Amino acid sequence: MSSIVCHPIIKNGIATDARIKKQRPPPLVVARPRDLIQEACERLVLSDQQLRRIMVLMEKSMEQGLSGKKAAVKMLPTYVDAVPNGTEKGDFLALDLGGTNFRVLHIKLEGKETKMTGKIFRVPESIMRGTGEALFDHIADCMAKFMEENNLKDATKLPLGFTFSFPCEQDGLTRGKLVTWTKGFKASGVEGSDVVTLLRDACHRRKDIDIDVVALLNDTVGTLMACAFQENTCQIGVIVGTGTNACYMERLDRIPKLAGYVDEHNVTPEEMIINTEWGAFGDDGALSFLRTKWDDAVDRESINPGQHLYEKMISGMYMGECARVVLEDLAKQGLLFGGHSDAISTPHCFPTKTFQKTYQILEDIGVEMITANDCANVAYVCSLISTRAAHLTAAGIAMLLNRINKKHVTVGVDGSVYRFHPTYPTLLDAKIAELIVGDIEYKLMLSEDGSGRGAALVAAVATRLKEEKLAAAATASER
């Protein structure tokens, strides 16, 4: 879902339209309540000094994660050590499992050209909560149907990239154990097991489809790879939607917990994409200096109190509720809605979405006697929440750009907040530019179908690298 932008109506000749500005939006209605609201909401406005402190603290947490120490930011190795270089070609499959629907895709690569066909399948609730064997048998059955419909069953064994968007602990490109189910899944016998092995076993039980799972990845890595296919300078992938996460290309000599690592071809890569899991930044108290009583209230009522605190200040799942909690507090102080807070007191009644008419939305949730000032002040609060979210995200991206420290870097971005918020991309871009150091040149690029196309591209790169390494080994043995 997208982020919060309120556009109040014009009433009694007074324009109450609120535009998000670079820092705190200017007051729209000069009135005593607005002055008090500005004062009450002052902690929602972050200074560059605070943002730079966040950058320092986040990088410190990242380095702890890279060292293998206990850290809020886990820094999970993905074992993806290269991006597309334009020479990848051939037919590849992608399997995208991240919710109650999953997709099977066939992608044909030829240079910078791609042809893609795909189909969406449902996972019935009975299978989501049944056995792991039944779940993967269902997936294999759907894959077989797709391959038959697209005349792929008799094709040479096709390389497959598997996007598995659940918490997973990988110890290789094709090995990953599910840590815990989320999103309503409860299939037994999967937690603690290698999901690639479960998929392969399900395909072998059928005996009518032949696939080669060459890569396991999450949607953030797919976001980076999908952009890198278009722009080889892409080194960072970011998702800002219902949740938030980022990955980036890190030098292997800066990953102490992978000291001595060699791949299956006995090669030590120079770089590897690291899945930061940055949504959990601050779970160790690092964000306490700027969290507000409203953030605490949102966290307390969430399904995972004390966890993913950075995400709860940024992502679409929480922004609407954060705005609601602020508005309820202001109403109780007598600064909004004539002091009547009952209608705005119902949790999650104020959804994270793009409001075209503040008056209508407030009326729909039961607020009575709405004034033009109320509409303007609600818009003001929403813009503060949105601007803060964009600036917090900018701090994370700017820190990664400074850490990578390459002259030209493309940042692949996806997620509903980034896609649909009319001013979020501009706010994000402007603040990144203010926070980076040196002569780094960067650009933000909207990623196209990271979880699908990106998975196939990871499979394509893995296949290319395997062929190159085998050829190099053969040449070396001839000498």
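## Close-up views of a predicted model

**View 1. Helix H4 and its buried residues.** In H4, the buried residues are Gly132, Leu135, Phe136, His138, Ile139, Ala140, Cys142, Met143, Ala144, Phe146 and Met147. Keep in mind as you look around that this is a predicted model. Helix H4 covers residues 132–149, and its 18 residues should span 26 Å at 1.5 Å a residue; the end C-alpha atoms are indeed 26 Å apart, so the two values agree. After H4 comes Asn151, which has a positive phi, near 55°.

**View 2. The span that UniProt labels as a domain.** An unreviewed UniProt entry places the feature "domain: Hexokinase N-terminal" at residues 37–229. In the model, 35% of this span is helix and 28% is strand. The C-alpha atoms at the ends of residues 37–229 lie 47 Å apart.

**View 3. An open sheet of 5 strands.** Following the order S5-S4-S3-S6-S9, you can trace an open sheet with mixed pairing. Strand S5 (113–122) and strand S9 (211–217) stand at the edges; each has a single partner strand, so one side of each is left without a neighbour in the sheet. On average, neighbouring strands here are turned by 20° against each other, direction ignored.

**View 4. Strands S4 and S5, with helix H5 on the sheet.** Strand S4 (residues 101–110) runs antiparallel to S5, and 10 bridges join the two. For one of the pairs, look at Phe102, whose bridge partner in S5 is Phe121. Helix H5 (residues 195–206) packs on the sheet, where it touches strand S3 (89–97), strand S6 (158–164) and S9. The direction of H5 makes about 160° with that of S9.

**View 5. The hairpin of S7 and S8.** Here 2 residues link S7 to S8 in a hairpin. Strand S7 (residues 168–172) and S8 run antiparallel, joined by 4 bridges. Cys168 has Leu178 in S8 as its bridge partner. Strand S8 (residues 175–178) shows two faces: Gly176 and Leu178 make up the covered one, while Arg175 and Lys177 make up the uncovered one.

**View 6. Asp295 and its surroundings.** Asp295 sits in helix H7 (residues 293–300). With a relative accessibility of 4%, Asp295 counts as buried, because the cut-off for that label is under 20%. A polar atom of the Asp295 side chain lies 3.0 Å from the backbone nitrogen of Thr292. Leaving aside residues up to four places away in sequence, Asp295 touches Leu290, Met313, Cys322 and Arg388.

Note on methods:
Residues numbered from 1 in each chain as written. Predicted model: local features only at pLDDT ≥ 70, side-chain atom pairs only at ≥ 80, totals over all residues. Heavy atoms only, no water. Expected span 1.5 Å × (residues − 1). Buried < 20%, exposed > 50% of the residue type's maximum accessible area, 1.4 Å probe, protein only. UniProt positions renumbered as here; feature names shortened; annotations may be inferred. Pairing = 2+ DSSP bridges. Axes fitted to C-alpha atoms, helices over the stretch in contact; angles between N-to-C directions. Contact = heavy atoms within 4.5 Å. Polar contact = N/O pair within 3.5 Å; in protein donor to acceptor, adjacent residues only side chain to side chain.
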